[in-house]
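Here are some short exercises for getting to know a new fold. Try each task yourself before reading its solution.

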Amino acid sequence: DTLSADGQPATTFRCWPQTEFAKACITEHAAGRAGAAEQAAAMLERVRARYLSGMLPGGWTDQIDASGRPLAAFMPASTLYHLFTVTAEAERVLLRSPSGRIP
């Protein structure tokens with residue numbers, strides 16, 4: 001989510017940094033780094049569990065607290081952009097791998 005001036009992480013968590021991490025892992029997998037596909041798959045599962053399960057069927061949560069509770073009752077469209085792009089990259093790179101599935 002954020003870091004303080006002294007480098008301490010926030011106790012809240014936004015969705016978009018998680019999707020960007022997954023996309024970075026997908027890129028690393030495409031470049032041949034061992035274990036990157038598994039890291040991407042694990043992060044995608046966390047995104048699904050933490051940000052896509054709950055509030056509203058077909059909806060998403062933008063930010064959660066340390067206990068995993070949503071911090072806002074609205075769904076910013078900017079979060080949808082990040083969810084769409086990580087899904088597109090996962091499909092393009094991971095699902096089109098020889099196994100045809102995300103590890």
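One term first: buried means under 20% relative accessible area, exposed means over 50%, and partly exposed is in between (1.4 Å probe, protein chains only). You're looking at a predicted model, where local features need pLDDT of at least 70, side-chain atom pairs count only at pLDDT 80 or more, and totals for chains, interfaces and linings use all residues. Residues are numbered from 1 along each chain as its sequence is written, and side-chain values use heavy atoms, with hydrogens and water left out.

**Exercise 1. Get an overview**

Task: work out which elements the protein has and in what order they run.

Solution. Start with the count: there are three helices and two strands. Helices (H or I, at least four residues) and strands (E, at least two) are DSSP runs, numbered from the N terminus. Next, read along the chain from the N terminus, and you get β-α-α-β-α. Then look at the overall extent: the C-alpha atoms fill a box of roughly 40 × 40 × 20 Å along the principal axes. Finally, of the 103 residues, 30% count as buried.

**Exercise 2. Place Phe-13**

Task: decide whether Phe-13 is buried, partly exposed or exposed, and list what Phe-13 touches.

Solution. First find Phe-13 in strand S1. Its relative accessible area is 33%, so Phe-13 is partly exposed. Now look for contacts (heavy atoms within 4.5 Å). Skipping neighbours within four places in sequence, Phe-13 contacts Asp-1, Tyr-51, Asp-62, Gln-63, Ile-64, Asp-65 and Ala-66. Pro-70 sits 57 residues away along the chain, with 9.5 Å between its C-alpha atom and that of Phe-13.

**Exercise 3. Find the inner face of H2**

Task: check the span of H2, then find where its buried residues lie around the axis.

Solution. Begin with the span: H2 has 16 residues and reaches 22 Å from first C-alpha to last, close to the 22 Å expected (1.5 Å times one less than the number of residues). The buried residues of H2 are Ala-36, Ala-37, Ala-40, Ala-41, Met-43, Leu-44, Val-47 and Tyr-51. Down the axis of H2 they fall within an arc of 165 degrees, so they line one face of the helix. That arc is taken over the directions from the helix axis to the C-beta atoms. It helps to recall that an α-helix has 3.6 residues a turn, so residues three or four places apart point the same way. As for what covers the buried residues of H2, the list includes strand S1 (13-14), helix H1 (15-30), strand S2 (63-64) and H3.

**Exercise 4. Do the same for H3**

Task: say which residues of H3 are buried and what they pack against.

Solution. Pick out the buried set: Thr-79, His-82, Leu-83, Thr-85, Val-86, Ala-90, Val-93 and Leu-94. These also fall within an arc of 165 degrees down the axis of H3, so they line one face. On the other side of H3, Ala-77 and Phe-84 are exposed. The buried residues pack against H1 and H2. Take His-82, buried at 15%: leaving aside neighbours within four places, His-82 touches Trp-16, Thr-19 and Glu-20.

**Exercise 5. Put H2 and H3 together**

Task: find which residues of H2 and H3 meet.

Solution. From H2 take Ala-37, Ala-40, Leu-44 and Val-47, which meet Leu-83, Val-86, Ala-90 and Leu-94 in H3. One of these, Leu-94, is buried at 1% relative accessibility.
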